[in-house]
Every structure is written in C-alpha cells, then in structure tokens.
Amino acid sequence: MITLQNVSHAIGTTPILRDLTLTIPKGKITALIGPNGAGKSTLLSVIGRLADLQSGQILIEGDDVARTDSRTLARRMAILSQSNPLHSRLRVHELVAFGRWPHHQGRATAQDHAIVSQALEALDLAPLSNRFIEELSGGQRQRAFIAMSFAQQADWLLLDEPLAALDMAHARGVMAHLALLRDLGRSIVVVLHDINHAAAWSDHIVAMKAGEIAAQGTPAEVCTAHALGQIYDMDLRVTEIDGKPLVLHHL
C-alpha cells in the first residue's frame, strides 16, 4: 500500500495540499476525483516524485519514497502526468519502448520487445507503431503515452487524467485494461474527471476538495447525491445500473 502522513504542498504562498493523511490500498484501482484545483494532480506528482515533498512522509510498501533510489522507484512505480513533452522525433513503438528502460538499461531482450508489442496491441496502436508521434491525433498520442506506462510493468501505475482526449470506445478500453491489470495483481491510482468512469471501474475512491480529503471509500459510499453535491457545489442525481452508481450531473 501507499501511505501518506501529514503531507502538505504549496506553490509560493498558495497551499495546494493540506496536511493529508491517507492510505491507498494495494491491488486495487483507486480513483482520485474532485473539482478543478482540488489538488489531485499535485498529489499524484508528489507520490511519484515528480514534485518535491515539502512536508510529511510518503511510504510505498513501507519504503520512504523520498529516500528510494530512482532506478528502484521506476521499477516499482510508473507515472503518467498530464504534460508529456517530447524532445526528439520518435515513432510510436520507440516511445512505448522507453517504458522498458528501467528494466534493461539499454540492453533490450526479446521479452522486452514482446512486452512493447503487447502494450501496442492493448491500446489499439499496432497499426500506428511506425508513425511519428507528432503525426498522431491528440487521442492517439495520449494512448501512446499510456502504452509506454503499461510497458513499464511497475507494481504501481499512477495515471493523471489518462482519458483526456479519448473517444468513448478508447476510454472504456483503457479502463477495462486497467481492470485487467488489477486482476493480475497490479495497483492503480488514476485521476479521473468523469465520475461515472470512477464509479463503474474503481474499487476505491478518494474525493478531494481545496487540497483536503472530502470523502473516501467504495464507489457506493462516495458516489451519493449528498456527498458529490457538497464536493462539486451542485445539485445532481444518482441512480444505479447493474449494481453500480450512475451520476446524472449533466441535466
């Protein structure tokens, strides 16, 4: 599991995370939800050491994230941020292959190539594998970066809004593949803006507001009209389909 103790983070004098204490369960899909500016992306970045830990402590399976060497951490945790700049002209399969670097350190094996091929297939990218990244649509590019994270095969997968720019079919496909990875023993933490994807696919939801934990628990516990109404400051309705909450927020 990942444990946060009294974690705070600020940008200048503006607090972004406020004294968070939280346990993220192992072997589950944990969705981070909440309005814009709630601190979801910052929380993910601090856990993944993309942003400095300013105060508090974060443990992954009992090891201090701040003190774990980068190569070991990369084998245990893969993170996909919202911003993924490219500094060279890469083909899709070359980008996805970067996910294997923590394992082979430049000496790729047949197994590494097979894992890259599997990631390309999983994200429906095999027909595009020789295309340059800059030639792709926004959704195709997003899927390529997700495939790179999948290829890393870390125990923990941290994804910041992976469904951004994806159409309905590919968004559902990504969530279904995350569920498959969970069933194979991986642990996933994912920032989602679509409440219904969180309700349908996650095991555990952490709802944030103004840098604090507003609610957490199962989808049934968090996705209620009262709880979500307070988190998002709006009136909404919640019904149920096939035993899962369905949030009617667009009416």
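This passage describes the open sheet, the helices packed on it and the salt bridges of a predicted model.

In the predicted model, six strands form an open sheet in the order 6-7-8-3-9-10, and the pairing within this sheet is mixed. Strand 6, spanning residues 77-80, and strand 10, spanning residues 212-217, are the edge strands, each of them pairing on one side only. From one strand to the next, the twist averages 15°. Strand 3 (residues 29-33) pairs with strand 9 (residues 204-209) in the parallel sense, and four bridges are found between the two; within this pairing, Thr 30 stands opposite His 204 of strand 9.

Two helices that pack on the sheet are described here. Helix 1, which covers residues 40-47, touches strand 3, strand 6, strand 7 (156-160), strand 8 (187-191) and strand 9, and its direction makes about 145° with that of strand 7. Helix 10, which covers residues 225-232, touches strand 3, strand 9 and strand 10, and its direction makes about 35° with that of strand 9. Strand 3 and strand 9 are thus touched by helix 1 and also by helix 10.

A search of the whole structure yields ten salt bridges. One of them joins the side chains of Glu 61 and Lys 26, with an N to O distance of 4.0 Å. This pair links distant parts of the chain, since Glu 61 lies in the loop between strand 4 (55-60) and strand 5 (63-64), whereas Lys 26 lies in the loop between strand 2 (14-24) and strand 3, 35 residues apart. Glu 61 is partly exposed, its relative accessible area being 31%, while Lys 26, with a relative accessible area of 52%, is exposed, because the cut-off for that class is over 50%.

A further salt bridge connects the side chains of Arg 67 and Asp 64 at 3.6 Å, N to O. In this pair, Arg 67 counts as exposed at 73% relative accessibility, whereas Asp 64 has a relative accessible area of 16% and is therefore buried, the limit for burial being under 20%.

The side chains of Glu 135 and Arg 131 likewise meet in a salt bridge, with an N to O distance of 3.7 Å. Glu 135 is partly exposed, with a relative accessible area of 40%, and Arg 131 is partly exposed as well, with a value of 32%. Through salt bridges that share partners, these two residues are joined with Arg 89 and Glu 134 into one network.

Terms used. Residues numbered from 1 in each chain as written. Predicted model: local features only at pLDDT ≥ 70, side-chain atom pairs only at ≥ 80, totals over all residues. Heavy atoms only, no water. Pairing = 2+ DSSP bridges. Axes fitted to C-alpha atoms, helices over the stretch in contact; angles between N-to-C directions. Contact = heavy atoms within 4.5 Å. Buried < 20%, exposed > 50% of the residue type's maximum accessible area, 1.4 Å probe, protein only.
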